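Work through the exercises below with the sequence and the 3D view side by side. Try each task before reading its solution.

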Amino acid sequence: MLRSMTGFASATGNLPPHSWSWELRSVNGKGQDLRLRVPDWIDGLEVSLRKKLAAKTARGNITMGLRLAREETAATLNINQKQLSAVLSAMIEIESQAMDMGLSLAPSRAADIAAARGVLEATGAEDDTKPLAEQLSHEADALIEAFNDMRASEGAEIEKMLTRQLSEVEALTAEAKALAEARSAETAEILQRNLARIMDNTEGLEEARIAQELALIAVKSDVTEEIDRLAAHVSAARGLIDDGGPVGRKLDFLMQEFNREANTLCAKAQNADLTRCGLALKAVIDQMREQVQNVE
């Protein structure tokens, strides 16, 4: 099955205290151009995602974006035992000296001790990015699958249109063949009359030489090879479509060959009906080429 180069997929997820949203999109491109916008502080994430995309896609300008947010959590308060001991020792020393000097101090409260610098320390949980990276990598697989499902769906529609257009080209090629065969007898009669007219009105010219020149003109106007190649191109295009996969480049090259044969057919036509048929071929081939530009 053919796959389009254009596609889109999005998703959201969370692993407390983090939450995130994904976007994966692509447009037409000559080759595979991967652009990732992901947090660089998650070790190995970008490398992993790039490998996944490269393995699951062949062509297109593909952009993957990941927006990550973290919930603010309350800090954990811990007692600095060393600092607490130092503060308590200092308080004992102060109270002892105050008593020696006859001073009476108010009883100390726990809040006062806790308020002393360095006794309580606020600490937050350190981030371990490995579980987060594993979760994101797992979700990326589903995201890429949904992305490719959309591209396959669009590719199926392109395939239907190309199949229909190839049938049109095949029918027009058959019509051109019939018109060329009908023209062949007419052309032969015209050449014979022209040869007779020339011989009646000229002297000293060799009949064989004139006949040779007229035969050369007839060969130059023969479209048999163009018709045969058009038929062969139709068969080749159908084969590529049946094979499926990333055949966009090959189909694009084949469209150029289709167009070349149709142009030559029109140039050699020398007949209104055959010219009309050639122009119709060119129109259908141009429509096919537009569709092929979207094929991966």
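**Exercise 1: Leucine 281 and the cores**

Task: Find which residues leucine 281 is in contact with, leaving aside its neighbours within four places in sequence.

Solution. Contact means heavy atoms within 4.5 Å. With those neighbours set aside, leucine 281 is in contact with Val169, Leu172, Thr173, Leu230, Ala262 and Leu265.

Before going on, note how the values arise. This is a predicted model, in which local features need pLDDT of at least 70 and side-chain atom pairs count only at pLDDT 80 or more, while totals for chains, interfaces and linings use all residues. Residues are numbered from 1 along each chain as its sequence is written, and side-chain values use heavy atoms, with hydrogens and water left out.

Next, place Leu281 in its core. A nonpolar core is a set of buried Ala, Val, Leu, Ile, Met, Phe, Trp, Tyr and Cys residues joined through side-chain atoms within 4.5 Å; buried means under 20% relative accessible area, exposed over 50%, partly exposed in between (1.4 Å probe, protein chains only). The largest nonpolar core has 31 residues, and those touching the most other members are Leu162, Val169, Leu251, Phe258, Leu281, Ile285 and Met288. Two or more residues of this core come from each of helix H4 (129–201), helix H6 (224–243), helix H7 (248–268) and helix H8 (272–292). Another core, of 21 residues, lies apart from it and includes Leu24, Leu34, Val38 and Ile42.

**Exercise 2: Strand E2**

Task: State which side chains of strand E2 (residues 18–27) are buried, and how E2 pairs with E1 and E4.

Solution. Helices (H or I, at least four residues) and strands (E, at least two) are DSSP runs, numbered from the N terminus. On one face of E2, His18, Trp20, Trp22, Leu24 and Ser26 are buried. Ser19, Ser21, Glu23, Arg25 and Val27 point to the other face and are not buried.

Two strands pair if DSSP finds at least two bridges between them. Strand E1 (residues 7–15) runs antiparallel to E2, joined by nine bridges; glycine 13 has tryptophan 20 as its bridge partner. Two residues lie between E1 and E2 in their hairpin. With strand E4 (residues 60–70), E2 forms ten bridges, also antiparallel, and serine 19 is partnered with alanine 69.

**Exercise 3: Alanine 142**

Task: Locate alanine 142 and describe its exposure.

Solution. Alanine 142 is found in helix H4. Its relative accessible area is 47%, so alanine 142 counts as partly exposed. Alanine 9 is 133 residues away in sequence, yet the C-alpha to C-alpha distance between alanine 9 and alanine 142 is 9.8 Å.
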